[in-house]
Amino acid sequence: MKRFLLLIFLVTALTLPMVPVSVPAQGFGLEEGDDVGFVLPGDAEAAEAEAAIKPSSGTALVLAAPSRVGEGQPFLVRLTSDQPLDSVSVHWLGKEVIPSISVWNNRHVALAMLGTDVLNAKMGKDELTVIASIDGKENTFRRTVQITSVDYPKQELTLPKKMVTPPTEVYDRIKADRAEVAKALALVTPQRNWHLPFERPVTGKVTSLYGLRRILNGKPKNPHRGLDFRSPMGNPVKCTADGTVVLVGDHYYAGNSVYVDHGNGVVSMYFHLSKPIVKVGDKVQRGQAVGLSGMSGRATGPHLHFSVAVLGKLVDPEPLFKNSADALLK
């Protein structure tokens, strides 16, 4: 009998390590459009970017973020916890965002969008810091993100002189426009209302890409910081995500314009409209028309210029139409 019991003990001891152990999933969908994802062991870049820590309380915290991003390209940061998060703050390029926290499959998730601007991005390494508070105790992640150059194409245009060089009498107007726009782009409201992929504002072909190094009448100018869509006069222009209208203006360069705040530092812009059909303070839904396309401002023909700002940085909108949240975490 003793030998039989000893045999059972030895078999149990030897086979116990082979029993699978459940672990918290490292990728989570948040809302409609945010796909459930996970990190494959063979994906070296993603595995390098995603790491977990266990605070002294035993809580599992998982941070997912890319290790390399191109200049002007948006990217996402996601923090996942198996315990309620008191707060999360994300610090990037001198700016802070406090992302709203969602609950999915009993996990607490904070998702933030970040990026650089092709106008002033600096190549090299920058530090991303994420601070999470659980039960009054702070846990800090620090990651190095490599900003790499992107070979954006050049575009040479010959335009009427008044299109390129404004007369002195409009300088004050341009200054006032810039101050109004800067105030709108500085908004970092607490509730995230966007999800990926974004809705395209119009169905027309993209005629000018983000990042184009523009040469106007033989002189280098600032790069193009949005997308130009072919869109006939009076065509409805749809909002890319849920949000709140924070600015409706008639600006010297952009003409009739609408700015929509989508929360957590993300603002979309719609320029050269023939007519805005919303007003400041309106709550708008993804796919809802915010204006009609046109050629107001400094435009040579009817089209839509569409831009997206993230913490005040104008990023390339194109990846936001094509990718799920998981794709922009790698």
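This report describes the fold, the nonpolar cores, selected strand pairings and some backbone features of a predicted model.

**Overall architecture**

The protein chain has 330 residues, of which 49% count as buried. Its secondary structure comprises 5 helices and 23 strands. Among contacts between residues at least 6 apart in sequence, 67% join residues at least 24 apart.

**Nonpolar cores**

In soluble globular proteins, nonpolar side chains tend to be buried together. Here the largest nonpolar core contains 59 residues, and Phe198 and Tyr270 are those with the most contacts inside it. Strand 8 (residues 107–114) supplies the largest share of this core, with 5 residues. A second core, separate from the largest one, has 11 residues, among them Val181, Leu185, Ala254 and Ala309.

The surroundings of Phe198 draw on many parts of the sequence. Leaving out residues up to four places away in sequence, Phe198 touches Met113, Thr240, Ala241, Val266, Arg286, Val308, Leu320 and Phe321.

**Helix 4 and its covering strands**

Helix 4 spans residues 171–185, a run of 15 residues. The distance from its first C-alpha to its last is 21 Å, close to the 21 Å expected at 1.5 Å a residue. Ile174, Asp177, Val181, Ala184 and Leu185 are the buried residues of this helix. Viewed down the helix axis, these buried residues fall within an arc of 90°, and they therefore line one face of helix 4. Asp172, Lys175, Ala179 and Lys183, on the other side of helix 4, are exposed. The cover over the buried residues includes strand 17 (243–251), strand 18 (255–263), strand 19, strand 22 and strand 23 (313–315). Two of the buried helix residues, Val181 and Leu185, also belong to the second nonpolar core.

**Strand pairing**

Strand 21 (residues 289–293) pairs with strand 16 (residues 236–238) in the antiparallel sense. Strand 21 is also joined to strand 19 (residues 266–276), again in an antiparallel arrangement. Elsewhere, 3 strands form an open sheet in the order 11-13-14, with mixed pairing. Strand 11 (154–157) and strand 14 (219–220) are its edge strands, each pairing on one side only. Strand 11 runs parallel to strand 13 (residues 213–216). The table lists three of these pairings, each with one pair of facing residues.

| Strands | Sense | Bridges | Facing residues |
|---|---|---|---|
| 16 and 21 | antiparallel | 3 bridges | Lys238 and Ala289 |
| 19 and 21 | antiparallel | 3 bridges | Leu273 and Ser293 |
| 11 and 13 | parallel | 4 bridges | Gln155 and Arg214 |

**Two residues of strand 22**

Strand 22 covers residues 303–310 and includes His303. His303 counts as buried because its relative accessibility is 16%, and the limit for burial is under 20%. A polar atom of the His303 side chain lies 3.0 Å from the backbone oxygen of Gly301. Apart from residues up to four places away in sequence, His303 touches Asp228, Phe229, Ser231, Phe271, His272, Ser293 and Gly294. One of these contacts, Ser293, is the bridge partner of Leu273 in strand 21.

Val310 also has its place in strand 22. Val310 is buried, with a relative accessible area of 1%. Its C-alpha is 6.8 Å from that of Met113, although the two residues are 197 residues apart in sequence. Beyond its neighbours within four places in sequence, Val310 is in contact with Met113, Leu114, Gly115, Gly265 and Val315. Met113 is likewise among the residues touched by Phe198.

**Backbone features**

Most residues other than glycine have a negative phi, and most peptide bonds are trans. Three sites in the model call for comment in this respect.

The peptide bond from Leu196 to Pro197 is cis, with omega near -5°. Pro197 lies in the loop between helix 4 and strand 12 (206–208).

Asp135 has a positive phi, near 55°. Asp135 is located in the loop between strand 9 (124–134) and strand 10 (137–148), and at 67% relative accessibility Asp135 counts as exposed.

Leu311 has a positive phi as well, near 50°. Leu311 sits in the loop between strand 22 and strand 23. With a relative accessible area of 7%, Leu311 is buried, whereas Asp135 is exposed.

Methods:
Residues numbered from 1 in each chain as written. Predicted model: local features only at pLDDT ≥ 70, side-chain atom pairs only at ≥ 80, totals over all residues. Heavy atoms only, no water. Core = buried A, V, L, I, M, F, W, Y, C linked by side-chain atoms within 4.5 Å. Buried < 20%, exposed > 50% of the residue type's maximum accessible area, 1.4 Å probe, protein only. Contact = heavy atoms within 4.5 Å. Polar contact = N/O pair within 3.5 Å; in protein donor to acceptor, adjacent residues only side chain to side chain. Pairing = 2+ DSSP bridges. Expected span 1.5 Å × (residues − 1). Arc of directions from axis to C-beta.
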